[in-house]
Amino acid sequence: MQTVNGLPAHVLLVHAIVVLLPLAAALLALTALWPAARRRLAGPNAILSVIVVVLVPITTSAGEWLEGRVSPNPLIHRHAELGDTAIYAAIGVAALAVILWWRQRESTGRTPAKRTFLAPASKALTAALTVVAVLVSGAAVYDVVRIGDSGAKASWSNWAARR
């Protein structure tokens, strides 16, 4: 997907990542920290997080296509390099979201044959996952802000000079 209705697809898709990845990260931290939220939101957040993992490469691919059609610019190159890190943030959030969801399923006995592979009753594992989830969530939000800031600078740095 390179264009949508005549506009570069990256310009449209990036908005989904800017909203959905921080949302998934915030929900990850919330479900890790708050058991009541975990019961209600762990499943939907796991789905959302996996969708974001699918959207990130589509968005970066569209961005690479767009980068090849604009005049070379170190700011755009920097933004493209930073954009390549978004997949790692998305995978981290998704992996932890799926783990939290699966542990929630195991704790309620909703898995086949009452499996407990992820030790849902272990307080130590729950505490460790909570710390890791909060750190990964913060890192993901930071990554999105860093990438978005570089994209804004690449897009708008000469705007005032053109007026």
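A127 sits in helix α5. Is A127 buried, partly exposed or exposed? With a relative accessibility of 41%, A127 counts as partly exposed, because buried would mean under 20% and exposed over 50%. Here's something fun about A127: along the sequence, 95 residues separate A127 from A32, yet in space the two are 8.7 Å apart, going from C-alpha to C-alpha. Keep in mind that everything here comes from a predicted model.

**The whole chain**

Let's step back for a moment. The protein chain has 6 helices and 2 strands. Start at the N terminus and walk along, and you meet the elements in the order β-β-α-α-α-α-α-α. The chain is 163 residues long, and 32% of those residues count as buried.

How about contacts that link distant parts of the sequence? Take the contacts between residues at least 6 apart in sequence: 70% of them join residues at least 24 apart. The pair A127 and A32, 95 residues apart in sequence, gives you a feel for such separations.

**Helices side by side**

Now for the way helices pack against each other. Two packed helices are described by the angle between their axes and the distance between the axes. Here are three pairs from this model:

| Helix pair | Angle between axes | Distance between axes |
|---|---|---|
| α4 (residues 86-107) and α5 (residues 123-156) | about 150 degrees | 9 Å |
| α3 (residues 74-83) and α5 | roughly 160 degrees | within 8 Å |
| α1 and α2 (residues 35-67) | about 155 degrees | 7 Å |

Take α4 and α5, whose axes make an angle of about 150 degrees. Angles over 145 degrees count as roughly antiparallel, so α4 is roughly antiparallel to α5. The crossing of α4 past α5 is left-handed. On the α4 side, the contact is made by A86, A89, G92, V93, L96, I99 and R103, while α5 brings in L125, T126, L129, V132, A133, V136, A140, D143 and I147. Sorted by class, this contact between α4 and α5 has 12 nonpolar, 2 polar and 2 charged residues.

Next come α3 and α5, which cross at roughly 160 degrees. That angle makes α3 roughly antiparallel to α5. Here, too, the crossing is left-handed. From α3, the residues making the contact are L75, I76, H79, L82 and G83, and from α5 they are R146, I147, S150, G151, K153 and A154. By class, the contact of α3 with α5 splits into 5 nonpolar, 4 polar and 2 charged residues.

Then there's α1 with α2, packed at about 155 degrees. Their angle makes α1 roughly antiparallel to α2. The crossing of α1 and α2 is left-handed. Their contact holds 26 nonpolar, 6 polar and 1 charged residues.

**Two threonines to look up**

Back in helix α5, find T130. T130 has a relative accessible area of 15%, so it counts as buried. Which backbone oxygens lie by a polar atom of the T130 side chain? One belongs to T126, at 2.8 Å. Another belongs to A32, at 3.1 Å. Once you set aside neighbours within four places in sequence, T130 is in contact with A32 and L33. You've met A32 already, as the residue 8.7 Å from A127, C-alpha to C-alpha. For one more distance, T130 and L96 are 34 residues apart in sequence, with 9.5 Å between their C-alpha atoms. L96 is one of the α4 residues in the contact with α5.

The other threonine is T31, and its place is in helix α1, which covers residues 9-33. Is T31 buried or exposed? T31 is buried, because its relative accessible area is 1%. The T31 side chain reaches the backbone oxygen of L28, at 3.1 Å. Leaving out neighbours within four places in sequence, T31 is in contact with A37, R38, L41, A42 and L100.

Conventions: Residues numbered from 1 in each chain as written. Predicted model: local features only at pLDDT ≥ 70, side-chain atom pairs only at ≥ 80, totals over all residues. Heavy atoms only, no water. Axes fitted to C-alpha atoms, helices over the stretch in contact; angles between N-to-C directions. Helix = DSSP H or I, 4+ residues; strand = E, 2+ residues; numbered from the N terminus. Parallel < 35°, antiparallel > 145°, perpendicular 65-115°, else oblique. Left-handed = near helix turned anticlockwise from the far one by under 90°. Contact = heavy atoms within 4.5 Å. Nonpolar A, V, L, I, M, F, W, Y, C, P; charged D, E, K, R; others polar. Buried < 20%, exposed > 50% of the residue type's maximum accessible area, 1.4 Å probe, protein only. Polar contact = N/O pair within 3.5 Å; in protein donor to acceptor, adjacent residues only side chain to side chain.
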